[in-house]
Amino acid sequence: MLKDITLGQFFPGHSFIHKLDPRTKLICVVLYIVALFNAVGLLTYGLMFLVLTLCVSISKVGVKALVRGMKPVIVILVFTGLLNLFYTTGGTVLVSLGILTITTEGVKHAFFMIIRILMLISGTFLLTYTTSPIALTDGLELLLNPLKKVKVPVHDLAMMMSIALRFIPTLIEETDKIMSAQKARGADFENGSLLEKAKAMVPLLVPLFVSAFRRADELATAMECRCYHGGEGRTRLKKLSFHTGDIIALIFFVALTVAVIVLGRFFAL
Amino acid sequence: MAEPIVKVEHITFAYSEENAKHPVLNDVSLEIEEGTFVAVLGHNGCGKSTLAKHMNAVLLPAGGKVYVTGMDTADENSWLDIHRTVGMVFQNPDNQIVANVVEEDIAFAPENLGVPSAEIRQRVDYALEVVGMSKYATHAPHLLSGGQKQRVAIAGVIAMRPRCIVMDEPTAMLDPVGREEVLKTILRLNREEHTTVVLITHHMDEASLADRLVVMDHGQVVADGIPREVFQQVEMLKSIGLTVPDTVGLLYELRKVGIDVPLDALSVEECADAICKALNR
């Protein structure tokens, strides 16, 4: 049950998108989000949808994987959809049930809001599906490098993030082990009220935390023994570098953002 | 004679003030010569791991001095050079692996040292080759077996190009197959790559592979010599809770009942030969 946590899941591949520099992909996703929030009508949303479909098909990730990732956000989608449906005023009234009224404007808003959220999630999923966590943290570190001038510990943050990612499987395995051990001694994690279930977590979390701290201590010693002394003077095994593909992708997404903003202003369909 | 790579001079150490009367290390002196394979053997709590941690400045002695190629470990400024000269492998491979791709993890130490990318690549490939894990370069470490993980951890230290590697019970958490793999790697490292190896262990058979055996008890060195000589002190070893290798144990029992056999047979063949000779006489 704990095995299917899909946090930042990565599907290795060799597509054009996989080969892009993680920095390019990060910038493109930011541009994509900016464009998405500036889209206002069928024309601009249509354009965005076209781009998304294009990217998904190039990446060869498969629509199935994207849809599977959507499951956890269904509640948010329904909630936002309903809110927009009932609380938007303007346009002609379609249905009126007491205080709840549905207007044409409301239907339109709800529809576009759901589409926007879906496309937002698909875009970011495409990033994590096509970029390994290490490449992603490396890219983030390099992109945020200018912040070092204002004393933001960029390297340390990136290192923490990559270590956290590295230890997720280890700690999941450990949780499984502790759960089995506690179950063997009669602990019950499945039955009872919500409160009882929460209480049952205590004998699971305490040993997990203790062992996580012990691991952290040992890891720190081991890192020091391997000459880790912060980000200064560090080199990398794989240097990130921009290629023609990256430049094309960047130009494409800048153009897309500009186009969506301009089209949205003048042809609000 | 060349300068020893690690020189431990009369060190004492206790983990806390209250325990100062029963120190973990009590006046230990030891010199590790370059290129040798030294095993440090002892029962749980005899101070062998503590001693290991003194060899590369993870712990500092309360009394006495430790020198690594002449550098005093108490000098904070030389810690980086000391870490680079004496690498350390710990018991639990899970807690030493930093990255989530094998080759990225092995690259960690050279990256820290600021080695250029092209050379890091060479070092990573070389280290993978030495531990026999080249096939797994792009695997995720958490999917490997215990023995494989520990070999990755060793490769991570090899890539740093240390002159000496201290291993603190590297096989303690492994199954027999994993232990075999790691021991083979250690032997290859010493015999073929001429790296100085200090192996902390409580397994007799591992200790018997070494060139030199140091036995510890209650924070002191109680025996120091080549394994076949040390193992002849059967009574002393038994008195500190250690067992001798089965072959030596058998010969010892035979001697007790009056059969005249030598005690210094470590392999089964040697042992069989010795018994045959004694019986033919």
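Student: Where is B:Asp224 found in chain B?

Tutor: B:Asp224 sits in strand 10 of chain B, residues 220–225. Keep in mind that this is a predicted model.

Student: Is B:Asp224 buried or partly exposed?

Tutor: Partly exposed, because B:Asp224 has 16 C-beta neighbours inside 10 Å, and a residue needs 20 or more to count as buried.

Student: How many Å separate the C-alpha atoms of B:Asp224 and B:Glu181?

Tutor: They are 27 Å apart, with their positions 43 residues apart along the chain.

Student: OK, confidence next. What does the predictor give the complex for ipTM and pTM?

Tutor: An ipTM of 0.85 and a pTM of 0.81.

Student: And what is the mean pLDDT of chain A and of chain B?

Tutor: Chain B has a mean of 89, with 99% of its residues at 70 or more. For chain A the mean is 87, and 96% of its residues reach 70 or more.

Student: Which elements of chain A have the lowest and the highest mean pLDDT?

Tutor: The lowest belongs to strand 1 of chain A, residues 93–97, at 79. Helix 2 of chain A, residues 22–38, has the highest, at 94.

Student: Where in chain A does pLDDT stay under 50?

Tutor: Over residues 1–6 of chain A. The model has 4 contacts beyond four places in sequence for that stretch.

Student: Switching to the core. Which residues touch the most other members of the largest nonpolar core?

Tutor: B:Ile106, B:Ala155 and B:Val198, out of 91 residues in that core. Helix 6 of chain B, residues 146–158, supplies the largest share of this core, with 6 residues. Apart from it there is another core of 21 residues, including A:Leu20, A:Cys28, A:Tyr45 and A:Val61.

Student: Which residues does B:Val198 touch, leaving out those up to four places away?

Tutor: B:Ile32, B:Val38, B:Val40, B:Ala52, B:Met55, B:Cys164, B:Val166 and B:Met167.

Student: Any backbone oddities? What is the phi of B:Ala57?

Tutor: It is positive, about 65°, although B:Ala57 is not a glycine. Most residues other than glycine have a negative phi. B:Ala57 is in the loop between helix 1 (48–54) and strand 4 (63–68) of chain B. B:Ala57 counts as buried, because 25 other C-beta atoms lie within 10 Å.

Student: And what about B:Glu169, what is its phi near?

Tutor: Phi of B:Glu169 is near 45°, again a positive value in a residue other than glycine. B:Glu169 lies in the loop between strand 7 (164–168) and helix 7 (176–191) of chain B. B:Glu169 has 20 other C-beta atoms within 10 Å, so it is buried.

Student: Which residues does B:Thr73 touch, not counting sequence neighbours up to four places away?

Tutor: B:Ala57, the residue with the positive phi, is one of them, along with B:Leu60, B:Val66, B:Val68 and B:Ile82. B:Thr73 is in the loop between strand 5 (71–72) and helix 2 (79–85) of chain B. B:Thr73 is buried too, because it has 24 C-beta neighbours inside 10 Å.

Student: Now the contact of the two chains. How many residues does each one put in?

Tutor: Chain A gives 26 residues and chain B gives 35. On the chain A side, the elements giving two or more residues are helix 7 (133–143), helix 8 (154–184) and helix 10 (202–225). Helix 10 of chain A has the largest share of that side, 8 residues. By class, the chain A side has 12 nonpolar, 6 polar and 8 charged residues.

Student: At what angle do the axes of helix 7 and helix 8 of chain A cross?

Tutor: Roughly 170°, and the axes come within 9 Å. Therefore helix 7 of chain A is roughly antiparallel to helix 8 of chain A. Among the contact residues are A:Ile134 and A:Leu140 of helix 7 of chain A, and A:Met161 and A:Leu165 of helix 8 of chain A. The contact has 7 nonpolar, 3 polar and 1 charged residues.

Student: Last one. Where is A:Met119 found, and which residues does it touch beyond four places in sequence?

Tutor: A:Met119 is in helix 6 of chain A, residues 104–130. A:Met119 touches A:Leu36, A:Met48, A:Phe49 and A:Leu52. The C-alpha atoms of A:Met119 and A:Ile33 are 9.0 Å apart, at a separation of 86 residues along the chain. With 19 C-beta neighbours inside 10 Å, A:Met119 counts as partly exposed.

Technical notes. Residues numbered from 1 in each chain as written. Chains lettered and ligands numbered in written order. Predicted model: local features only at pLDDT ≥ 70, side-chain atom pairs only at ≥ 80, totals over all residues. Core = buried A, V, L, I, M, F, W, Y, C linked by C-beta atoms within 7 Å. Buried ≥ 20, exposed ≤ 12 C-beta atoms within 10 Å, placed from the backbone. Contact = placed C-beta atoms within 7 Å. pLDDT = per-residue confidence, 0-100. Nonpolar A, V, L, I, M, F, W, Y, C, P; charged D, E, K, R; others polar. Axes fitted to C-alpha atoms, helices over the stretch in contact; angles between N-to-C directions. Parallel < 35°, antiparallel > 145°, perpendicular 65-115°, else oblique.
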